[in-house]
Amino acid sequence: MLLSSGCKINLGLTITGRRADGYHELDSLFVPLPFPADTLALTPLDSDGCRVRCSRGDIDPERNTLTRAYAAFCSLGGRPRHGLDILLTKRVPSGAGLGGGSANAAELLRWLNAHAAVPLSREELLAAALKVGADVPFFLYNTPCRVQGIGEIITPCAPDLGGLRLVLVCPDVSVSTPWAYARYDARQDAIKNQKKVLTTPEDEDYTSHLIDRDKKHKHAESFPSLFNSLEDVVSDAFPQVGMIRRQLEAVGAHAAMSGSGSSVFGLFEPTCPEEKLSACVADLRRLWKRVFVLSLPSRWDVAKW
């Protein structure tokens, strides 16, 4: 059995707080993408359990999202019919803020539940997903969602993105999500220690801080500002992020970093001439190896699970 596992971008990511246990609360619009995509090749095992291999050879056989997803499924009462050998072929860049590992876990959970001797309820499956990681429950929905809290508050929505073309650029750098949040915390703590008042979009209601350039296009009311709380601290350490964003904005795209980086996306209006878009993509590909172009749908097919 071959499964295709896509990824996501964040149309805006605002950190709204930091909990006592160290977890960060956020408010973001997650949008699923069909590619770039990983492939999961599943082979039944005579024994119980889950064995994971990776085409890159750089995956911990015990500590990975697929092994954790299988364990979480079983821990909540799900009973697979047999064990699994999983060969993961990675095409979603790691450390790019695209949620490739989370998407893999959700795809496996969905498959396990559909083929289990004892499946989980919808609520149990969501709980299993959250045990694996904060982004995993979103990928069970397969539709744009407003994600809040630490990832457990998920509200499916239908932003009008039809006609927008997406250019996704993934520089050859990997950004650790824990590192990005720790760096953000350090900057916030330093500001507090200096007794300065921080006035940023993070202090405003999430749906209200539409930045000027977003107000100028017809999709402005469909999604909030592309502001990303982590972008400044990540781009300070990885200047490629800022370089790509400036390249995209220079040709009229609405650009931002996705998640904790390092990927950067640009949204192009339907009125953008094809020649201009093609020239932009060609220029980007001369500098960056991984550049993807997608058309965003106006309607989304929500997978039934």
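**Asn228 and the salt bridges: group meeting talk**

Let me start with one asparagine: leaving aside residues up to four places away in sequence, N228 touches L13, M257, S258 and G259. Please keep in mind throughout that this is a predicted model.

Where does N228 sit? Its place is in the loop that runs between helix 6, residues 212-215, and helix 7, residues 231-237. Is N228 buried or exposed there? Its relative accessibility comes to 4%, and because buried means under 20%, N228 counts as buried. One of the residues it touches, G259, also offers a polar partner, since the backbone oxygen of G259 lies 2.9 Å from a polar atom of the N228 side chain.

From there I would like to turn to the charged residues. Side chains of opposite charge can pair when their charged atoms come close, and in this model the count comes to 15 salt bridges. I will go through three pairs and then a network.

The pair I take up to begin with is D38 and K90, which form a salt bridge with their closest N and O atoms 2.7 Å apart. D38 lies in strand 2, residues 24-45, while K90 lies in the loop between strand 4 (83-89) and helix 2 (100-115), so this pair ties together parts that are 52 residues apart in sequence. Both D38 and K90 are buried.

The next pair brings us back to helix 7, because E231 lies in that helix and R245 lies in helix 8, residues 239-250, so that the two tie together parts 14 residues apart in sequence. The closest N and O atoms of the E231 and R245 salt bridge are 2.7 Å apart. E231 has a relative accessibility of 7% and therefore counts as buried, and R245, with a relative accessible area of 18%, is buried too.

The third pair lies within a single helix: D283 and R286 are 3 residues apart in helix 9, residues 274-287, and are thus separated by about one helical turn. Their side chains meet in a salt bridge, with 2.1 Å from N to O. What is the exposure of these two residues? D283 is partly exposed, having a relative accessible area of 37%, whereas R286, at 62% relative accessibility, counts as exposed.

Finally, there is the network, in which salt bridges link R18, D185 and D189. As you look at the structure, I would suggest beginning at N228 and its contacts with L13, M257, S258 and G259, and then moving on to the charged pairs.

How values were computed: Residues numbered from 1 in each chain as written. Predicted model: local features only at pLDDT ≥ 70, side-chain atom pairs only at ≥ 80, totals over all residues. Heavy atoms only, no water. Helix = DSSP H or I, 4+ residues; strand = E, 2+ residues; numbered from the N terminus. Buried < 20%, exposed > 50% of the residue type's maximum accessible area, 1.4 Å probe, protein only. Polar contact = N/O pair within 3.5 Å; in protein donor to acceptor, adjacent residues only side chain to side chain. Contact = heavy atoms within 4.5 Å. Salt bridge = Lys/Arg side-chain N within 4 Å of Asp/Glu carboxyl O.
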